[in-house]
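Trainee: I have a model open and would like to go through it with you. Could we talk about how each label is earned?

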Amino acid sequence: MATTGLSIDEVGALSSRVLDEVERAIVGKRDALELILLGVLGDGHVLLEDYPGLAKTLIARSFAQATTLEFSRIQFTPDLMPSDVTGSSIYNQRTSDFEFRPGPVFTNLLLADEINRAPPKTQAALLEAMQERQVTIEGMTRPLDRPFLVLATQNPIEYEGTYPLPEAQLDRFTMRIAIGYPPLSEEAKMLTEQTADPPLDGLEPVANAADAIALADEAKAIFVEESLNRYVVALLRATRGDSRLYLGASPRAGIATLRVAKARALADSRTYLEPDDIKAVAVPVLAHRLILAPEARSTGLTGEQIVRETLDKTPVPV
């Protein structure tokens, strides 16, 4: 592995160490944590959508602490302005000139807490940053340092005082993940730990920003056989032809699927992609990008179910 100076086995071991360290604070949620790590390695953004009290904010803080990434948090509220996200120019009386003061978006790991509580204009302030890794303020474009990852949270059951994310912004999130409740034994363990000595305080850094950048670059270099490219396209086209969908998966969704699947192969200490990598990430990458037809939505059908059915019906390359 030329970029990191680590062997492929050492890269997999480093990924495991990061997960093990984060799991000291977040118990019983290894699968969700693995997906978030793949978001970091895949150079993408993650939307955590679940009920209050399921450690969504703690997850973001734990990853930042274990990887020593620069961390910022924005609590989205109805009165939040775009400049509160991107920053603005302030008049400096000493120099008699305006100086730029960067907003919280200038960081490595940005926690956008309850993103659907901010009005669309403020939500849109993140669009350029998430897609282009830059922000344009007062006519000047300012690049964001790598790595740049947005971990956003939203509550799926509370609608009063919220502004649903438009499809264009949902599409900027590489994955949407539900955390879910922990198993009984793990929840009991959590109660003991969190009421005695919160484990977040004791997390040790096991990687740094340079490691995150190098691993993301290594993930891009994972070998993908042409038949697997065609397999991803077949999945996308199956959703576009599904009568239960108003809108199927776009080419951007296919790119995101391959990026996250490559990250999974890297974390598994492989230099090549397997069909199982694609199948393992297809639901969190594709489901939130599908728009169901009204009649399908009225029956309670979900994008997750359609993706799983599509995976079952689409022939896997051998």
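Mentor: Happily; let's begin with charge. This predicted model has 32 positive and 45 negative side chains in the protein chain, and the centres of the two sets lie 5 Å apart.

Trainee: What makes a side chain count as positive or negative here?

Mentor: Lys and Arg are taken as positive, Asp and Glu as negative, and His and the chain ends are not counted, so the 32 and 45 refer to those residue types.

Trainee: Why is the protein chain called as compact as a globular protein of its length?

Mentor: The chain has 13 helices and 11 strands. Its radius of gyration is 20 Å, and the globule rule gives 20 Å for 318 residues; the two values are close, so the description fits. Along the principal axes, the C-alpha trace spans about 70 × 45 × 45 Å.

Trainee: How many of the residues count as buried?

Mentor: Of the 318 residues, 48% do, each with under 20% relative accessible area.

Trainee: What makes a group of residues a nonpolar core?

Mentor: The members are buried nonpolar residues joined through side-chain atoms within 4.5 Å. The largest such core has 68 residues, and F63 and L273 touch the most other members. Beyond its neighbours within four places in sequence, L273 is in contact with residues including I222, F223, L258 and I278. A second, separate core of 23 residues includes F76, A118, L126 and F173.

Trainee: Which share of the contacts with a separation of 6 or more joins residues 24 or more positions apart?

Mentor: That share is 76% in the protein chain.

How values were computed: Residues numbered from 1 in each chain as written. Predicted model: local features only at pLDDT ≥ 70, side-chain atom pairs only at ≥ 80, totals over all residues. Heavy atoms only, no water. Helix = DSSP H or I, 4+ residues; strand = E, 2+ residues; numbered from the N terminus. Rg over C-alpha atoms; globule rule 2.2 N^0.38 Å. Buried < 20%, exposed > 50% of the residue type's maximum accessible area, 1.4 Å probe, protein only. Contact = heavy atoms within 4.5 Å. Charge placed at Lys NZ, Arg CZ, Asp CG, Glu CD.
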